[in-house]
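Please open the model in a viewer and keep the sequence at hand. The tour below proceeds by selection, stating at each stop what is to be found there.

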Amino acid sequence: MTSPQEMVERALELSQADDCVVIVDEGSTANLRFAGNTLTTNGVARSAQLTVISIVGAGVGVVSRAAVRPEQLPEVVAAADAAAREAQPAEDVRPLVEGAGSSANWVEPVLPTSIGVFGDFAPALGETFAAAEAGGRKLYGFAEHTLTSTFVGSSRGLRLRHDQPTGRLELNAKSADLKRSAWAGVATRDFSDVDVAALDSSLAQRLEWAKNRVDLPAGRYETLLPPSAVADLMIYMLWSSGARDALDGRTVFSKPGGGTRVGERLAQLPVTLSSDPAAPGIECAPFVTAHAPSRRSSVFDNGLPLAATDWVKDGTLTALMQTRHSAELSGLPVTPSIDNLIMRGGEGGRSLEEMIASTERGLLVTCLWYIREVDPQTLLLTGLTRDGVYLVEHGEVVGEVNNFRFNESPVDLLGRLSEVGAAQQTLPREWNDYFTRTIMPPVRVPDFNMSTVSQAN
Amino acid sequence: MRQIDPDFLALPLRQLADAALQRARDLGASHADFRLERVRAESLALYDARLEGAMDADDLGYAVRVVKNGTWGFAAGLVLTPEAAAEVAAQAVKVAEVSAPINREPIELAPEPVHGEVSWVSAYEIDPFSVPQKEKVALLADWSAGLLKGADHVSARLLQVKEQKFYADTAGTVTTQQRVRVHPELNAMKAGPSGFDDMSTIAPPVGRGYEYLTNGHYDWQGELAQLPELLAEKLAAPSVEAGDYDLVIHPSNLWLTIHESIGHATELDRALGYEAAYAGTSFATFDQLGTLVYGSPVMNVVGDRTVEHGLSTIGYDDEGVATREFDIVKDGILVGYQLDRRMALMKGLGASNGCAFADSPGHMPIQRMANVSLKPAPGGPSTEELIGGVERGLYIVGDKSWSIDMQRYNFQFTGQRAFRIENGALAGQVRDFAYQATTTDFWGSMEAVGGPETYVLGGAFNCGKGQPGQVAPVSHGCPSALFRGVRILNTVQEGGK
């Protein structure tokens with residue numbers, strides 16, 4: 001097969017457009033899925049996607065093809081060139097990024113992942129199944145490892161590469177009668193740091209907590225949200241923070257009468273929400289990769305260096321997701337999307353266990369699920385609690401509570417937080433198909449809106 | 001009838017399949033299947049009548065699935081040579097071997113007749129990929145420009161997919177299939193005195209070609225002409241008073257409630273717990289088959305992958321099973337599930353009803369949703385007659401926000417618009433509404449279903465399920481229907497405002 005580097009060079013040579021960006025994504029993945037202490041599905045797969053972005057004048061043409069053979073390359077490039085010649089002028093047209101040079105590892109071969117990444121994990125999982133079976137628990141879950149190598153080349157000299165390993169394990173333990181359920185998830189780069197037996201033990205403790213059942217009605221409760229649940233809410237807020245839409249007056253970050261809410265205080269506590277490609281443990285691509293034009297990304301920005309960005313700093317909204325084009329329109333700095341998210345609440349945050357210990361009466365949530373937008377004006381979201389809501393009284397968990405449907409806005413929540421704990425790396429429950437790299441704190445909300453009771457258990 | 005594209009048939013389909021299946025047999029697999037797919041997708045996005053984004057992409061590859069010593073093994077590859085296909089088969093066997101320590105349920109499949117060499121093509125007239133992009137953009141721009149006269153911003157998009165599948169298994173079934181689907185959608189947004197709001201077209205996605213936009217299959221001009229006025233009315237409408245209401249729900253909204261509260265709840269893999277850690281399980285557990293009162297006696301629900309222009313419709317599923325129609329709810333009672341071959345055998349249900357599907361060559365087939373549809377009442381009432389039977393209620397049109405819990409009990413939906421019903425007549429729109437209910441209570445409150453003239457086939461391209469995540473297109477047909485005493489929320493009050 002032609003190497004991805006050769007594919008980039010050859011496509012750039014073939015293009016007759018004024019300018020051209022070529023992106024090759026080489027992916028490999030391995031996964032194991034299980035339910036009721038046994039395997040259900042598994043697999044290994046490879047992928048190779050070529051994306052040619054041709055620019056003629058201000059017109060853009062994008063063609064993306066999988067598993068392209070060398071003899072097909074001229075046809076793919078010609079199709080992109082033709083689409084660019086026919087296209088209307090793009091509104092976000094800018095000179096292509098120059099001067100970013102070449103990645104040091106550009107020429108190195110791609111080393112795919114394989115089923116071997118589970119060489120130690122699979123037997124450990126088998127032993128954990130046996131332990132769970134003996135303990136009257138059933139385990140459900142999914143383990144996946146992917147490695148994606150992205151090559152970005154341009155007619156302006158870009159030769160950038162990023163290798164992104166992504167691993168995740170979700171473990172869901174249920175009692176034998178399926179009445180009690182608990183969940184834990186971890187993000188990993190290579191599964192060498194995953195201790196599945198320890199995760200199972202922590203879930204066993206939660207199933208013990210759940211033996212005492214307490215039914216509570218809908219209402220507003222003091223609620224402890226763990227890092228995973230906070231991640232799911234903050235990710236949705238990040239996805240809703242496109243500057244272009246805010247400028248058009250159609251998001252929660254639009255300023256009534258025009259402009260954006262950048263500069264407005266959202267949280268009373270010194271909360272910071274940021275992204276950083278170099279953040280230890282959650283490293284991600286340090287340059288922009290835009291496969292297609294959209295409201296939130298510009299193909300002209302491909303290769304733009306990414307730097308640590310504060311979206312919210314000390315409680316104040318400081319940045320929105322920008323392209324160079326939207327940054328000019330808004331008069332704000334160029335702050336493109338970055339593939340990780342960190343939330344911190346200042347110095348001295350307590351652990352979730354310490355927060356539980358200091359709770360007189362409140363709910364402890366495990367995770368949130370089926371989160372959907374109800375109202376973009378306030379970013380009101382609805383969703384469910386899942387796999388364990390616990391009642392905390394006098395500093396201790398005293399039992400498991402029924403599940404609830406919530407209706408809450410993450411933007412509004414920021415302004416009502418009464419405590420932000422110590423941040424740690426976590427796996428979002430709802431969005432981990434798309435976003436796995438987060439560092440989040442547990443938080444205390446004095447009046448979380450549990451709108452109705454869900455019978456699910 | 002259209003034919004399968006020659007350039008797909010020109011791929012070395014049989015050579016790759018033969019090489020892969022033979023290697024799997026040689027390595028001791030008791031079952032093996034080979035699936036080669038090409039999925040082409042084009043999306044066009046316009047904003048304020050200008051092209052904002054266009055993407056023309058395809059996915060091409062193949063997969064080998066084996067059963068070795070009672071354990072699944074799955075591998076997918078890209079290189080289109082017999083040698084590479086044989087190697088992928090060997091990888092699938094290796095995956096089965098590595099997975100063996102965690103498998104405690106030997107895999108066996110329900111019997112299915114060998115269908116020999118068969119082909120199938122969906123019902124469409126114009127291949128959307130044969131229409132120049134410029135022509136499609138011009139049409140969407142023209143529609144957008146019309147809407148812009150009554151809106152601050154207009155977004156338009158057109159999704160088009162052509163899916164080609166070749167399947168062969170060690171039993172001897174060989175299928176070659178091709179289907180096309182399109183989804184045009186426009187959205188108008190406008191600011192008003194109490195904030196902004198938007199409204200989208202309610203035209204459903206369909207298993208048709210480009211003719212859906214041009215040949216009178218849908219009244220685009222009629223809907224686009226109404227949209228600005230409806231949006232202006234919505235912006236000026238009062239906020240709904242929370243409480244219990246009778247609801248008349250249009251099929252453009254009800255299809256999604258069917259999808260979430262019946263479609264997913266009657267997937268047998270969910271009922272058996274295979275999705276427990278992710279998509280969830282189902283309150284409709286297997287022990288209640290034949291006894292669970294799902295809804296009122298007027299509730300009759302069928303599953304099929306055969307209805308013309310349905311998004312889930314296909315001739316043979318991804319396990320070589322011929323598709324069919326089957327009952328799910330009859331006279332309000334749960335009587336059936338959606339199945340694949342493994343589950344059909346495991347639960348003693350005889351043959352599969354053809355619901356195995358993989359969304360790409362890189363993914364293993366899992367049980368996915370058929371077109372799950374609520375049947376109309378022969379000679380039943382019109383939508384106006386249903387509204388006429390309501391003293392105080394809401395008439396809800398178009399889908400928007402949706403959410404349901406992991407056992408499919410508690411749900412909450414909004415819509416594109418809702419009209420007050422007062423003494424049997426519509427009395428203007430309300431804003432900020434959502435309906436919230438428990439599945440069996442909701443369907444139990446269904447007093448009447450409309451007649452066949454109210455029936456519409458709705459649906460979506462993007463039903464998500466499984467890990468790794470897979471998306472599937474699916475349609476849901478239904479008539480307008482009348483529900484009594486459903487809880488309506490005021491979403492502004494829910495947000496604490």
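Begin by selecting residues 243–488 of chain B, where UniProt, in an unreviewed entry, places the feature "domain: Metalloprotease TldD/E C-terminal". The model is a predicted one. Over residues 243–488 of chain B, 15% of the chain is helix and 39% is strand, while the end C-alpha atoms lie 5 Å apart.

**An open sheet and its helix**

Within chain B, display the four strands of an open sheet, ordered S11-S10-S9-S14 and paired in the antiparallel sense. Strand S11 (333–334) and strand S14 (371–374) of chain B form the edges; each has a single partner strand, so one side of each is left without a neighbour in the sheet. Next, select strand S9 (residues 301–304) of chain B, which is joined to S14(B) by four bridges in an antiparallel arrangement. One position to label is B:Gly303, whose bridge partner in S14(B) is B:Val372. Then add helix H7 (residues 251–263) of chain B: this helix lies across S9, strand S10 (325–330) and S14 of chain B, and runs at about 110° to S14(B).

**A hairpin and a cis peptide bond**

Move to strand S16 (residues 410–422) and strand S17 (residues 425–430) of chain B, an antiparallel pair with four bridges. B:Phe419 is placed opposite B:Gln429 of S17(B). Two residues separate the strands of this hairpin, and B:Asn423 adopts a positive phi near 50° there.

Further along chain B, centre the view on B:Pro468, in the loop between strand S20 (456–465) and strand S21 (470–478). The peptide bond joining B:Gln467 and B:Pro468 is cis, with omega about 0°.

**The N-terminal domain and a helix pair**

Now select residues 32–96 of chain B, listed by UniProt (unreviewed entry) as "domain: Metalloprotease TldD/E N-terminal". Here the chain is 23% helix and 65% strand, with the end C-alpha atoms 12 Å apart.

How do helix H2 (residues 13–26) and helix H3 (residues 82–99) of chain B pack, and at what angle? Their axes are 8 Å apart and meet at an angle of about 35°, and H2(B) passes H3(B) in a right-handed crossing. To inspect the contact, show side chains including B:Leu16, B:Ala19 and B:Arg23 of H2(B), and B:Ala85, B:Ala89 and B:Val93 of H3(B). By class, the residues of this contact comprise 12 nonpolar, one polar and one charged.

**Chain B as a whole**

Zoom out to the whole of chain B, which has 12 helices and 22 strands. Its radius of gyration is 24 Å, close to the 23 Å given by the globule rule for 497 residues, so chain B is as compact as a globular protein of that length. Along the principal axes, the C-alpha atoms of chain B fill a box of roughly 70 × 55 × 45 Å.

**The contact between the chains**

Display chain A together with chain B: 75 residues from chain A and 68 residues from chain B take part in the contact. On chain A, the largest share of the side touching chain B, 11 residues, is supplied by strand S2 (residues 38–56). That side of chain A consists of 30 nonpolar, 28 polar and 17 charged residues.

Strand pairing also links the chains: strand S3 (residues 59–66) of chain A runs parallel to strand S2 (residues 50–68) of chain B, joined by two bridges. Label A:Ser64, whose bridge partner in S2(B) is B:Ala57.

**Last stop**

Finish at A:His394, in the loop between strand S14 (380–393) and strand S15 (396–401) of chain A. A:His394 is not a glycine, yet has a positive phi of about 50°.

Technical notes: Residues are numbered from 1 along each chain as its sequence is written. Chains are lettered from A and ligands numbered from 1 in the order in which they are written. This is a predicted model: local features need pLDDT of at least 70, side-chain atom pairs count only at pLDDT 80 or more; totals for chains, interfaces and linings use all residues. Two residues are in contact if their C-beta atoms, placed from the backbone, lie within 7 Å. Ala, Val, Leu, Ile, Met, Phe, Trp, Tyr, Cys and Pro count as nonpolar, Asp, Glu, Lys and Arg as charged, and the others, Gly among them, as polar. Two strands pair if DSSP finds at least two bridges between them. Axes are lines fitted to C-alpha atoms, for helices over the stretch in contact, and angles run from 0 to 180 degrees between N-to-C directions. A crossing is left-handed if the near helix is turned anticlockwise from the far one by less than a right angle, and right-handed if clockwise. UniProt positions are given in the numbering used here, feature names are shortened, and annotations may be inferred rather than shown by experiment. The radius of gyration is taken over C-alpha atoms; the globule rule is 2.2 Å times the number of residues to the power 0.38.
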